[in-house]
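Please look through the sequence and the structure shown here before reading on. The report after it covers the fold, the packing of helices, the salt bridges and two individual residues.

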Amino acid sequence: MNRPLHRLFCLCLILFLIPATGQAAVFNALDVDQAQSMNEIVPVLETRVLDEAMLLSASEQIRVAQQIAAFQKNTGMDFVLLTTSVGIGDQASDVYVETFYNEGGYGLDEHCSGIAYFIDMNEGYHHLTTTGLMVDCMTDERMDYAIDMGGELLSEGRYADAVLEMLLTIETFYLQDYPEGAQQTETTSVSGTDPSATQETSISQLPSTAAVMLFLTSIVSVVTSMLTQF
């Protein structure tokens, strides 16, 4: 087979294999084997990553959702991220977040145990609110430490890193007190709570968008790799 025909044959083969290759690349990029399936990530992304201020990219939101799902499994506690750039009016942030958490039906046990991380870009302020068993775990000293750690990253504009660091810090504190983690509580699967129609509409499209971007990237990578051999 001459070189032009050989190259054409390879291109046809690539086009035939792209769907399987692209899907594999997407799931590898999302570390699904190491964390959890997309069926588990999507509900968390839709109901626990409420980035109204649009601080995180699509891929960053997926990373945060993965870490929240892992946090839930490791601790049996819930975690919700809420951001805003328009402010909350005259309401006190602690009251606003506590009300949001309670009315949103969050928590994985009978105590609704968990923590909400609120980032208010309008006021340049971030806040943690604990509920249920997390109240005893996150003492004032630990809360101050977590806020300080996250604040440094927020000031640098590293919003995703700030949230991921917050999750890691809280999980570390929890497992210090309860080494057996999630076995300390009776947990249930993540519910499909819909905090608001607007939040669900804007966020629910992100998994498919991120997957398409990763899929297209994988196509370019495969084609480039094959063509450079000729």
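What follows describes a predicted model, beginning with the chain as a whole and ending with single residues.

## The chain as a whole

In this predicted model, the secondary structure of the chain amounts to nine helices and four strands. Read from the N terminus, these elements follow the order α-α-β-α-β-α-β-β-α-α-α-α-α.

Of the 230 residues in the chain, 42% are buried, and the accessible surface comes to about 12,200 Å², with 54% of that area belonging to carbon and sulfur atoms. When contacts between residues at least 6 apart in sequence are considered, 71% of them join residues at least 24 apart.

## Helix 2 against helix 3

Helix 2 and helix 3 pack with their axes 9 Å apart and at an angle of about 105°. The two helices are therefore roughly perpendicular to each other, since an angle of 65 to 115 degrees is counted in that way. On the side of helix 2 the contact is made by E40, I41, V44, L45 and R48, while helix 3 contributes Q61, I62, A65, Q66, I68, A69, Q72 and K73. Sorted by character, the residues of this contact comprise seven nonpolar, three polar and three charged ones.

## Helix 3 against helix 7

Helix 3 also packs against helix 7, where the axes come within 10 Å and cross at roughly 5°. That crossing makes helix 3 roughly parallel to helix 7, because angles under 35 degrees are counted as such.

From helix 3, the residues E60, R63, V64, Q67, I68, F71, N74 and T75 take part, and they meet A160, D161, V163, L164, L167, I170, E171, Y174 and L175 of helix 7. The residues of this contact divide into ten nonpolar, three polar and four charged. I68 of helix 3 is listed in the contact with helix 2 and appears again among the residues that meet helix 7.

## A buried salt bridge

The structure holds five salt bridges, one of which joins the side chains of D78 and R48 at 2.7 Å from N to O. D78 belongs to strand 2 (residues 78-84) and R48 to helix 2 (residues 38-48), so the pair ties together parts of the chain that are 30 residues apart in sequence.

Are the two partners buried or exposed? D78 has a relative accessibility of 0% and therefore counts as buried, and R48 is likewise buried, with a relative accessible area of 0%. R48 is also one of the helix 2 residues that make the contact with helix 3.

## A network of salt bridges

A network of salt bridges links R63, E156, R158 and D161. Within this group, R63 forms a salt bridge with D161, and the closest N and O atoms of that pair are 4.0 Å apart. R63 lies in helix 3 (residues 58-75) and D161 in helix 7 (residues 159-177), so this pair ties together parts that are 98 residues apart in sequence. R63 and D161 are both among the residues through which helix 3 and helix 7 meet.

The side chains of R158 and E156, in turn, meet in a salt bridge at 3.1 Å from N to O. As to accessibility, R63 is partly exposed at 38% relative accessible area, D161 counts as partly exposed at 28%, and R158 is partly exposed at 39%. E156 is exposed, with a relative accessible area of 53%, because the class of exposed residues begins over 50%.

## Two buried residues, S93 and Y106

S93 is found in helix 4 (residues 93-103). With a relative accessibility of 15%, S93 counts as buried, because buried residues are those under 20%. Which residues does S93 contact, leaving aside its neighbours within four places in sequence? The residues in contact with S93 on that basis are I88, F118, Y125 and H127.

Y106 lies in the loop between helix 4 and strand 3 (114-120), and despite this loop position Y106 is buried, with a relative accessible area of 1%. Y106 and M77 are 29 residues apart in sequence, and their C-alpha atoms are 9.8 Å apart in space.

Note on methods: Residues numbered from 1 in each chain as written. Predicted model: local features only at pLDDT ≥ 70, side-chain atom pairs only at ≥ 80, totals over all residues. Heavy atoms only, no water. Buried < 20%, exposed > 50% of the residue type's maximum accessible area, 1.4 Å probe, protein only. Contact = heavy atoms within 4.5 Å. Areas by Shrake-Rupley, 256 points an atom, 1.4 Å probe, with all protein chains shown as cover. Axes fitted to C-alpha atoms, helices over the stretch in contact; angles between N-to-C directions. Parallel < 35°, antiparallel > 145°, perpendicular 65-115°, else oblique. Nonpolar A, V, L, I, M, F, W, Y, C, P; charged D, E, K, R; others polar.
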